[in-house]
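Take a look at the model below before reading on. Keep it in view, and find each residue as it is named.

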Amino acid sequence: MVVANAGIEHWAPVQTVEPEVFRRAIETNVIGVFNRVRSALSSIAEQRGYVLVVASASSYTAVPGMAAYWASKAGVEQFANVLRIELGHHDVAVGSAHMPLVDTPMLRETQDSSEGFTMFLAGLPAPMRGTVTSDECALRLVEAIERRTRHLDVPKWVAFARWLKPVLSASLAERQGSQEMRQIEALGANSDGIVQ
């Protein structure tokens, strides 16, 4: 089996994000996952193994200021979906894992370095702005590996976001995010740092 997990994040609106910062996030988060999976595929196929790609709950929603991270996690979710089709006739199972905010040094540093990110999180509904521990995620990842799970949502409420994805990208939800972004821009909250 192989677990492919790569992620860096950066909070900045598309209009102000440096192209190199955007590129680095995409390369790390998407190409990093590809490299991990690709290097193991021969033995995975031979042994009828399991591939678990760590995406994110962010692949179900859109959040202003996080275009590179959100796009990359949606990309690795689709990568897992394609891989599942390509490897199905080898009896290889492929899963994708989706977590919201995981309490890690990366998240804490993003919160500390980006007033805009912190402001946006404060406006999210309570379940979406809460964090899960890395220990909880690790236990659930082990369960997913043992069961060769297709979709892993941690905590379980994240599964509702997957099913509600069309609603979460509807104009009403987008309008709410746009209003919050207007307030963030009015306060001049921005960040130029990248967090790993």
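This report goes from the whole chain to its spaces, and then to single residues.

## The chain as a whole

This is a predicted model. The chain has 196 residues, and 44% of them count as buried. It holds nine helices and six strands. The accessible surface comes to about 10500 Å². Carbon and sulfur atoms own 56% of that surface.

How far apart in sequence are the residues that touch? Take the contacts between residues at least 6 apart in sequence. Of these, 75% join residues at least 24 apart.

## The largest pocket

The largest pocket has a volume of about 670 Å³. It is lined by 34 residues. The closest to its centre are Ser56, Tyr69, Met99, Pro100 and Val102.

Which elements give two or more residues to this lining? They are helix H2 (67-87), strand S4 (101-103), helix H3 (105-113), helix H4 (115-122) and helix H6 (134-147). The largest share comes from H6, with four residues.

The lining can also be sorted by class. It has 25 nonpolar residues, seven polar ones and two charged ones.

## The cavity

Now turn to closed space. The count comes to one cavity of 30 Å³ or more. The largest cavity holds about 50 Å³ of space. Its lining is made up of His10, Ala12, Val14, Val17, Val21, Phe22, Ala25, Gly65, Met66, Ala67 and Ala68.

Helix H1 (19-46) and H2 are the elements that give two or more residues to this lining. H1 supplies the largest share, three residues. By class, nine of the lining residues are nonpolar, two are polar and none are charged.

Val21 is one of the residues on this lining. It is found in helix H1. Val21 counts as buried because its relative accessibility is 18%, and the cut-off for buried is under 20%. His10 also belongs to the lining. Val21 and His10 are 11 residues apart along the chain, and their C-alpha atoms are separated by 7.8 Å.

## Helix H2

H2 appears in both linings: it gives two or more residues to the largest pocket and two or more to the largest cavity. Does its length agree or disagree with what is expected of a helix? H2 has 21 residues, so at 1.5 Å a residue it should span 30 Å. The expected span counts one less than the number of residues. The end C-alpha atoms of H2 are 30 Å apart, which agrees.

Many names appear among the buried residues of H2. They are Ala68, Tyr69, Trp70, Ser72, Lys73, Val76, Glu77, Ala80, Asn81, Leu83, Arg84 and Leu87. Two of these have already come up. Tyr69 is one of the residues closest to the centre of the largest pocket, and Ala68 lines the largest cavity.

Ala80 deserves a closer look. It is found in helix H2. Is Ala80 buried or exposed? Its relative accessible area is 0%, so it is buried. What does Ala80 touch, leaving out residues up to four places away in sequence? It touches Val53, Val94, Gly95 and Ser96. Ala80 and Val37 are 43 residues apart in sequence, yet 9.8 Å apart in space, C-alpha to C-alpha.

## Unusual backbone angles

Most residues other than glycine have a negative phi, and most peptide bonds are trans. Some places in this chain depart from that. Arg48 has a positive phi although it is not a glycine, and Asp91 has a positive phi too.

| Residue | Phi | Place | Relative accessible area |
|---|---|---|---|
| Arg48 | about 50° | loop between H1 and strand S2 (50-54) | 54% |
| Asp91 | near 60° | loop between H2 and strand S3 (93-98) | 43% |

Arg48 is exposed, because its relative accessible area is 54% and exposed means over 50%. Asp91 is partly exposed, with 43%.

The peptide bond to look for runs from Val154 to Pro155. Is it cis or trans? It is cis, with omega near -10°. Pro155 is found in the loop between strand S6 (151-153) and helix H7 (158-163).

Key
Residues are numbered from 1 along each chain as its sequence is written. This is a predicted model: local features need pLDDT of at least 70, side-chain atom pairs count only at pLDDT 80 or more; totals for chains, interfaces and linings use all residues. Side-chain values use heavy atoms; hydrogens and water are left out. On a 1 Å grid over the protein atoms alone, a cavity is a set of points where a 1.4 Å probe fits but cannot get out, and a pocket is an open set with protein on both sides within 12 Å along at least five of seven lines; lining residues have an atom within 4 Å of a point. Grid points are joined across faces, edges and corners, and a volume is the space filled by probe spheres set on the points. Ala, Val, Leu, Ile, Met, Phe, Trp, Tyr, Cys and Pro count as nonpolar, Asp, Glu, Lys and Arg as charged, and the others, Gly among them, as polar. Buried means under 20% relative accessible area, exposed over 50%, partly exposed in between (1.4 Å probe, protein chains only). Contact means heavy atoms within 4.5 Å. Accessible areas come from the Shrake-Rupley method with a 1.4 Å probe; for residues, only the protein chains shown count as cover.
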